[in-house]
Amino acid sequence: METKNTLVMDAQILDAHGLRKGSLLIENDKIIEVSSSISPAGVDKVINAQGKLLIPGLVNTHTHLSMTLFRGVADDLKLEKWLNDYIWPLEAHLNGEYCYAGALLGCVEMIKSGTTTFNDMYFYMDHVAEAVKEAGLRAVISHGMIDFDDEEKRKAEIKESKRIIKKCHGGADGRIRVALGPHSPYTCSRELLEEVRGLADEHGLLIHIHVAETEDEVRQVKEKYGLGPFAYLDDIGFLGEDVIAAHAVWLSSSEIHILRSRGVKLSHNPTSNMKLASGVSPVEELLECGVCVSLGTDGPASNNNLDMIEEMKIAALLQKIKSMDPTSLGAEKVFEMATINGAAALGMVDEIGTIEVGKKADLALINTRKCNLAPWRHPVSHLVYAASGCDVETVLCDGEILMENGKLKSLDEKYVIELAESAAEELTSKA
Ligand SMILES: C[C@H]1O[C@@H](n2cnc3c(N)ncnc32)[C@H](O)[C@@H]1O
Ligand SMILES: [Zn+2]
């Protein structure tokens, strides 16, 4: 294979290890050198990063990307009503083309706001994979399985998951991995969850699931199984280091202990939890107990965007209000959640999440010379509390430049917006 070099010159480099000034040499998909100065002689492409902050591409560990199509259709509702009366009836009209269009739009939004890896649970995932491939992003994708105790549905869901594993796992030059996506303990039978555990063990795949999102869920699971959602999942032998659970809002202290001892990874989704008034996850306590908590936006119909920079700020602010203590979840910690913890949650800690030699070149450059970031003083604070996704200028994933100086390279933004607009219009007119 022909080698291709890219040099990111004179940046302020910020990752979970701290801040330093320097340059970065990329060969093909990987970072091969980080030092105070690297000569541009003989390099194929030079990115001048003077006055820019270089961060690891952000990791969004829970989303439903194609739900961009439902942005703004059902706001200001509780989860149960939102799903039952609005979202699920609309989703009954989905098809592969619509999911592709919605996912492509989501990819544009993520690239433009500095996210390079995401964990997606939805439907028609081979079409979502196509969008990820074209966009140049990295993703873990799972078919969302719901059986409501119906054996026929269970078989169909498992069959679809197996089809997606076969078709998409390792796709897009290894940027796509497939996980198993049982929706939740209140929509999936015990049999389905047990089968998922078996498949995860057999194929070495991650499990992506919603758990303990609302008080109503805890009530339902307790009524049916006599235990809280995480205690129940542990009781059936479902939990392990390969499980990434979204939300984890309503937890007992014994369940926090279970999460820690089983090595379960969490995805905290503060905006969605606030918008649906689901509750406030005890993130600070979980982190103190040694649980890996990462960050996600949830779908763009309950957020209503995919901006991980905004999500970091909301996560930090929400913990401060929960504890009524402004020292809770400071900027450094929340930045770790959006980068290295996300990488750890997805089993990619050796590949992404920090800026280090040997890791993938998944990076975002932020313009520091913006009115909302002046005076440029405290990079991690400015990133979390003052910046937004709009301040991201240049993005690389797997060594490829996906956006340069605000211009998308891998996708045609105007075309993608039009495609999604017409898919959304067609879809909502059917419902
Ligand atoms: C994969 C499935 O998950 C649903 N979904 C989207 N957002 C949430 C949420 N916050 N909680 C539970 N389910 C959700 C999608 O609408 C789809 O039906
Ligand atoms: Zn979700």
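**Helix packing and the ligand 1 site**

Reader: Is the crossing of α2 and α3 right-handed or left-handed?

Author: Right-handed: that is how α2 and α3 cross. Keep in mind that this is a predicted model.

Reader: At what angle do the axes of α2 and α3 cross?

Author: At roughly 35°. The axes of α2, residues 96-112, and α3, residues 125-135, come within 8 Å.

Reader: Which residues make the contact?

Author: From α2, they are Gly96, Cys99, Tyr100, Ala103, Leu104, Cys107 and Ile111. From α3, they are His127, Val128, Glu130, Ala131, Val132 and Ala135.

Reader: How do the residues of that contact divide into nonpolar, polar and charged?

Author: The contact of α2 with α3 has 10 nonpolar residues, two polar and one charged.

Reader: Switching helices. What about α11 and α12, at what angle do they pack?

Author: About 135°, with their axes 9 Å apart. Helix α11 covers residues 308-323 and helix α12 covers residues 331-338. The two are therefore oblique to each other. Their crossing is right-handed.

Reader: Which residues make the contact there?

Author: Met308, Met312, Ala315 and Ala316 on α11. On α12, Ala331, Val334, Phe335, Met337 and Ala338. The contact of α11 with α12 counts nine nonpolar residues, with no polar and no charged ones.

Reader: Now the ligand. How many residues surround ligand 1?

Author: There are 15. The closest are His64, Ile87, Gly144, His210 and Gly299. Two elements give two or more residues to that shell: α1 (79-91) and β7 (115-122).

Reader: Which element gives the largest share of the shell?

Author: That is α1, with four residues.

Reader: And how many of the shell residues are charged?

Author: Three are charged, alongside seven polar and five nonpolar.

Reader: Where does histidine 64 lie?

Author: In the loop between β6 (58-63) and α1.

Reader: Which residues does UniProt place under "binding site"?

Author: The unreviewed UniProt entry lists His62, His64, His210 and Asp298. They span 237 residues in sequence, yet no two of their C-alpha atoms are more than 11.8 Å apart, so they gather at one spot. His64 and His210 are also among the closest residues to ligand 1.

Reader: Last one. Which residues does the UniProt domain annotation cover?

Author: Residues 54-401, annotated "domain: Amidohydrolase-related" in an unreviewed entry. In the model, that span is 43% helix and 18% strand. Its end C-alpha atoms lie 14 Å apart.

Key
Residues numbered from 1 in each chain as written. Chains lettered and ligands numbered in written order. Predicted model: local features only at pLDDT ≥ 70, side-chain atom pairs only at ≥ 80, totals over all residues. Near = placed C-beta within 6 Å. Nonpolar A, V, L, I, M, F, W, Y, C, P; charged D, E, K, R; others polar. Axes fitted to C-alpha atoms, helices over the stretch in contact; angles between N-to-C directions. Left-handed = near helix turned anticlockwise from the far one by under 90°. Contact = placed C-beta atoms within 7 Å. UniProt positions renumbered as here; feature names shortened; annotations may be inferred. Parallel < 35°, antiparallel > 145°, perpendicular 65-115°, else oblique.
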